[in-house]
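Me: I am new to this protein and would like a friendly guided look. Could you start with its overall outline and then stay a while with one part?

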Amino acid sequence: RGVLTKQLERDKTDIYSDGTMADYYGIIRYAMRGTKIDDGILTPEGAVSANIQNGEGIPTILIEHCFINGNDYKFVDSDDDIAKLARADANAIISYYQLTKINSEKVIINNLKEENGMLTKIPEKTEKTEFSNNFIISDSLYVEVKGNSDYIGTGTTVNIIHKESGAVINTYTCMIFGDTNGDGKVSSADYVLTKNHIMETMQLDGIYKQVADVNRDNKISASDYVLIKNHIMNGTELKIE
């Protein structure tokens with residue numbers, strides 16, 4: 001039935017800041033306002049009307065895909081059908097504004113283990129310059145490695161960024177078991193931090209506490225700092241998975 005517009009004629013007090021009558025359809029009116037205003041009353045109390053002349057508020061269109069009566073219900077009677085309509089709406093907006101579609105599924109991580117945004121299976125003394133080779137990404141993306149050390153360490157943040165828009169597609173945090181100070185290598189400093197945590201003279205928190213559990217028994221005990229000490233003194237391997 002085409003594109004319809006309608007103004008809120010019954011409420012003469014409800015106008016936009018440029019003096020025009022507000023939209024009849026509430027979803028458009030509230031989005032343009034930045035808040036709900038009916039019969040001259042601001043909701044919630046104390047809210048301030050958006051200044052449309054200054055570009056405030058959210059430009060909105062109300063799309064009615066079909067009628068529920070008659071046979072139109074067949075277009076919305078399953079989650080798959082509703083998803084098709086949602087994708088059609090999104091693609092129309094993308095096409096109209098000539099936006100770039102960003103697909104985060106084009107990120108493949110090799111050699112490392114990723115779980116809930118955490119990256120493990122990282123050997124100590126992994127250089128930043130080589131680390132990005134573990135990521136296979138599309139030409140529209142690039143890898144940003146953040147951190148002060150020359151090595152990938154516990155707490156190092158890795159961002160996958162869209163080149164054109166600058167949007168961060170994925171963010172990962174690195175974990176190296178035994179590296180409790182985040183410098184990317186297991187040394188006497190990590191041994192001391194782990195031992196002090198056990199003796200309760202200081203506390204490791206968050207991800208740094210997690211990597212102190214080098215034997216993966218879900219607790220930090222003397223066996224953990226012994227493993228770290230033996231690794232430093234004898235070169236025995238620590239599990240990296």
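How much accessible surface does the protein have, and what share of that surface belongs to carbon and sulfur atoms? After that, please look closely at the aromatic pair of F135 and Y172, and then show me a few other spots along the chain.

Reply: Happy to walk through it with you. This is a predicted model, in which local features need pLDDT of at least 70 and side-chain atom pairs count only at pLDDT 80 or more, while totals for chains, interfaces and linings use all residues. Residues are numbered from 1 along each chain as its sequence is written, and side-chain values use heavy atoms, with hydrogens and water left out.

To your question: the accessible surface is about 15600 Å², and carbon and sulfur atoms hold 50% of that area. Such areas come from the Shrake-Rupley method with a 1.4 Å probe, and for residues only the protein chains shown count as cover.

Now the outline. The protein is built with six helices and nine strands; these are DSSP runs numbered from the N terminus, with helices (H or I) of at least four residues and strands (E) of at least two. Its radius of gyration is 28 Å, whereas a compact globule of 241 residues would be near 18 Å. That radius is taken over C-alpha atoms, and the globule rule is 2.2 Å times the number of residues to the power 0.38. Along the principal axes, the C-alpha atoms fill a box of roughly 85 × 40 × 35 Å. One pair gives a feel for these distances: K195 and M21 are 174 residues apart in sequence, and their C-alpha atoms are 70 Å apart in space. K195 lies in helix α4 and counts as partly exposed at 29% relative accessibility.

Of the 241 residues, 29% are buried; buried means under 20% relative accessible area, exposed over 50%, and partly exposed in between (1.4 Å probe, protein chains only). Among contacts with a separation of 6 or more, 45% join residues 24 or more positions apart, where contact means heavy atoms within 4.5 Å.

That brings us to the rings. The structure has five aromatic pairs. One of them, Y96 with Y97, is edge-to-face, with 5.0 Å from centre to centre and 80 degrees between the planes. Your chosen pair is tilted, because the ring centres of F135 and Y172 are 6.0 Å apart and their planes meet at 40 degrees. F135 sits in strand β6 (residues 135–137) and Y172 in strand β9, so this pair links distant parts of the chain, 37 residues apart. The rule behind these labels is that rings of Phe, Tyr and Trp (its six-membered ring) pair if their centres lie within 6.5 Å; planes under 30 degrees apart count as stacked, over 60 as edge-to-face, and the rest as tilted.

Are F135 and Y172 buried or exposed? Both are buried, whereas Y96 is exposed at a relative accessible area of 65% and Y97 is exposed at 55%. F135 and Y172 also belong to one aromatic cluster together with F131.

If you follow the chain on from strand β9 (168–174), you reach the loop that leads to α4 (188–198), where T180 is found. T180 counts as buried because its relative accessibility is 4%. Beyond its neighbours within four places in sequence, T180 is in contact with D190, L193, T194, L204, Y208, V211 and A212.

For another buried stretch, turn to helix α1 (residues 26–33), where I28, R29, A31, M32 and R33 are buried. R33 has a relative accessible area of 4%, and its C-alpha atom is 5.5 Å from that of G57, 24 residues away along the chain. After α1 comes G34, with a positive phi near 85 degrees.

Two residues that are not glycine also have a positive phi. One is N111, at about 70 degrees, in the loop between β3 (107–109) and β4 (113–115). The other is K121, near 65 degrees, in the loop between β5 (118–120) and α3 (128–131). Most residues other than glycine have a negative phi. N111 is exposed, with a relative accessible area of 59%, while K121 is partly exposed at 28%.
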